[in-house]
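Colleague: I am new to this model and would like a close look at a single part of it. Please pick a sheet, and then place it among other parts of the chain.

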Amino acid sequence: MALFEQTETTTKVTLDDTEACCCTIETAQTIDGHTEYVVRVQRGPYPENSWRILRRYNDFASLNKCLQISGIDLSFPGKKLIGNMRPDFIAERLNALQEYINQVLMNPILASSLPTKKFIDPDSYSTPFHDLALQYASMSLRTDGVYTLGQSLGPIGWRLRKHYFKVVHKPQGNKHSPGHSTTKHHLIKSSSQSHGKQHTTQVCVTTSTEKDYNSSTRDHSGRDDLILSWTEFGPDRYIDEKEIHTVLKNFGGVQHPYIVPIEHIASNDSGALVIRKFYKQGSLKDVLCSASPCNPFLSKYGSPKGRTPLPLKDLALYARQILEAIRFLHSKGMACGHVHCGNVIVVDGIAKLMDVENFIFGVPSFYRPFFVQHSKINTCEAIDVYGFGHLLYEMCMGYPLQDSYARQISDCPDSLKSLLESILSKDACKSSLPTLDQLTTHPFFGEYAGHFNDLYATTIAVQKPHLKFSTSAKEQLKLAVQKTENRVRDEQRSVKNQKRLVRVQEMMTSEEEKKKIKQKAKHEQKQAKLRAQNSLQLNNGPPMTGSAGITATVHLSSSTGGIVKSDSANSITSPQEALMSPPPHATDSGGSTSPQPPPSAPPIPGPLSSVPLFASDSDPTQAPGSSATGKQLAKSISGDEPTTGNRSALLQSICNFNKSGLKKVVSPSEAGGK
């Protein structure tokens with residue numbers, strides 16, 4: 001017994017096991033002929049709370065082997081012996097392992113399991129939780145003289161810091177002290193939660209006539225079999241260490257027809273133990289999943305073979321009974337905070353709430369990762385209402401809701417749908433949830449459990465509810481409620497701020513991407529115009545002489561992309577230069593140029609409709625070269641020119657044009673004919 005006499009003093013647990021973690025495989029490196037993957041793990045919303053671990057493929061394979069008991073189909077990549085060091089294969093394997101770990105962490109059951117926690121956070125979860133629980137529970141019962149600790153039941157629950165053991169009553173005829181018992185000492189193998197290994201540990205005295213725990217629900221004395229749960233204190237334990245013993249002592253005497261009674265409760269500096277009656281049918285979740293209560297948590301609820309929703313009358317009756325149990329706790333100044341199917345027992349048609357002492361222990365709620373996403377669920381009553389909504393949903397559908405709110409509710413009566421939407425819809429979670437008193441008056445309960453009020457009045461007349469706290473205990477509970485709500489609000493603000501930061505980063509990234517795309521499109525458009533201009537200039541070739549001897553040079557307008565013809569031979573000018581250039585000077589018969597007097601003021605042009613679009617339309621004998629100006633005028637009138645100034649310059653050029661300055665060129669064919 002020296003093992004139990006050397007008790008280590010542990011500090012209060014501050015790590016919240018329900019806080020979500022995410023993993024990112026950043027890179028791979030080759031060390032000593034094998035590949036190691038650098039994994040960055042982040043707990044919670046802030047990147048500052050992160051660390052890096054090194055994992056090989058065999059580590060991922062060991063994790064997958066431990067999780068296969070759940071029966072959940074996971075896409076784990078197979079092993080490859082040849083060519084597994086090629087860079088392309090390592091990159092492909094990295095992506096496959098990233099997809100695998102994402103699937104594990106997105107599943108609440110797999111993410112909360114001890115193998116997963118050890119894989120991503122070995123520093124925090126390498127403590128032998130089971131062995132410490134065995135030690136503390138043994139020491140607590142050693143001087144009690146009433147109960148005997150039996151075999152461990154293994155990881156039948158979802159909490160990593162909560163462990164279950166068989167408990168039997170000691171023989172009443174034994175007059176010897178616990179240290180001098182005449183019963184036999186023997187070793188019992190206890191199943192640890194660490195990857196299913198078996199640890200052989202000497203525990204306290206057990207009788208040789210003890211019957212198997214699963215074969216009978218009563219011990220040799222005819223009493224009901226009992227189950228002991230040891231729970232470490234959690235991050236929300238705000239009751240003073242000097243007062244917690246008094247609070248637990250007062251709470252141990254709770255009596256209510258819809259709350260499972262407590263046989264024994266005790267605590268030390270690290271945690272507390274609770275002894276209750278063992279129910280062979282298991283919890284309500286075991287009934288819905290058709291599972292055995294003593295099977296491991298992963299195998300029971302990972303991929304259950306059958307799910308059976310409850311009939312509407314039973315559903316309404318059980319839900320109404322649970323509501324009364326929650327209302328009773330709140331009337332005594334105490335919250336529950338742990339309402340889910342795993343904490344409900346159905347006995348002879350009566351639903352009873354258990355593990356209500358978890359609020360005093362300060363352990364995190366099962367649905368905490370969900371309600372911290374909604375800032376309006378920030379009171380203990382709202383948390384219990386929210387948990388009740390999830391309980392109602394699972395009883396109705398047969399399977400749990402795997403999200404923080406229900407996107408669509410169907411396959412149920414309208415009254416039940418209305419009740420579920422008032423708690424689990426997105427609008428309800430964003431605005432406000434109904435109170436406990438409002439839920440009791442919902443039409444669904446009047447339709448399917450209309451006789452409940454009379455039944456409840458008869459029940460409490462036989463078994464009067466009782467829970468009385470001392471004045472100091474009431475003050476401690478009130479303070480614990482306030483601090484619990486403050487921590488929830490702080491965490492909700494952190495989650496909200498992080499979501500806002502992520503949205504801002506996404507918006508900034510989106511704007512930058514839009515700018516890059518816009519700039520790229522402008523650059524490509526400019527390059528396309530330049531290529532088109534060069535192509536036109538190359539395809540036109542050397543200047544060609546027309547029948548009238550007027551050479552036209554074609555070039556591309558940089559502003560409108562139109563084709564402009566210049567009246568001067570071998571000239572390449574911009575459209576603006578062509579429009580603003582003065583008319584060519586006339587030449588005499590000898591070929592010498594004579595200066596022309598400055599032109600007189602042009603007459604005021606009439607309506608544009610009176611101006612011919614093409615010179616040939618009004619004068620068939622006009623030179624072909626002048627038709628280009630008519631086409632420019634047509635473009636100006638039709639709106640192809642970009643500005644009004646260009647139109648004015650075009651009209652002015654037309655008005656100042658002197659046809660007499662044109663010289664008729666005789667073609668060789670005409671000259672030969674003459």
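Modeller: What follows starts with the whole chain, turns to one open sheet, and then moves on to a hairpin, a loop and a helix.

This is a predicted model, in which local features need pLDDT of at least 70 and side-chain atom pairs count only at pLDDT 80 or more, while totals for chains, interfaces and linings use all residues. Residues are numbered from 1 along each chain as its sequence is written, and side-chain values use heavy atoms, with hydrogens and water left out.

The chain holds 24 helices and 14 strands; these are DSSP runs numbered from the N terminus, helices being H or I with at least four residues and strands E with at least two. Of its 674 residues, 43% count as buried, where buried means under 20% relative accessible area, exposed over 50%, and partly exposed in between, with a 1.4 Å probe and protein chains only. A contact is a case of heavy atoms within 4.5 Å. Among contacts between residues at least 6 apart in sequence, 65% join residues at least 24 apart.

The open sheet has five strands in the order β4-β5-β8-β10-β9, with antiparallel pairing. Two strands pair if DSSP finds at least two bridges between them. β4 (147-152) and β9 (264-267) stand at the edges, and each has a single partner strand, so one side of each is left without a neighbour in the sheet. Neighbouring strands are turned by 25 degrees against each other on average, direction ignored; the axes are lines fitted to C-alpha atoms, for helices over the stretch in contact, and angles run from 0 to 180 degrees between N-to-C directions.

Inside this sheet, β5 pairs with β8 (residues 226-232) in the antiparallel sense over six bridges. One facing pair is Y164 and S229, the latter in β8. H163 also belongs to β5, which spans residues 162-169. H163 counts as buried because its relative accessibility is 2%. Its side chain comes to 3.5 Å from the backbone oxygen of L160.

Elsewhere, β2 (residues 34-43) and β3 run antiparallel and are joined by seven bridges. They form a hairpin with six residues between them, and G44 in the turn has a positive phi of about 85 degrees. Across the pair, E36 stands opposite R56 in β3. Side chains alternate along β3 (residues 50-56): W51, I53 and R55 point to one face and are buried, whereas S50, R52, L54 and R56 point to the other and are not.

K79 sits in the loop between α2 (57-67) and α3 (87-106). K79 counts as exposed because its relative accessibility is 58%. It touches Y57, N58 and R93, leaving aside residues up to four places away in sequence. K79 and Y57 are 22 residues apart in sequence, and their C-alpha atoms are 8.4 Å apart.

Last, helix α14 (residues 414-424) has the buried residues S415, L416, L419, L420, I423 and L424. They cover an arc of only 145 degrees around the axis, which puts them on the same side of α14; the arc is that of the directions from the helix axis to the C-beta atoms. These residues pack against α10 (312-331), α13 (380-397), α15 (426-430), α16 and α17 (443-448). T440 lies in α16 (residues 436-440) and is buried, with a relative accessible area of 13%. Not counting residues up to four places away in sequence, T440 touches R320, L323, E324, R327 and F445.

Terms used. Polar contact = N/O pair within 3.5 Å; in protein donor to acceptor, adjacent residues only side chain to side chain.
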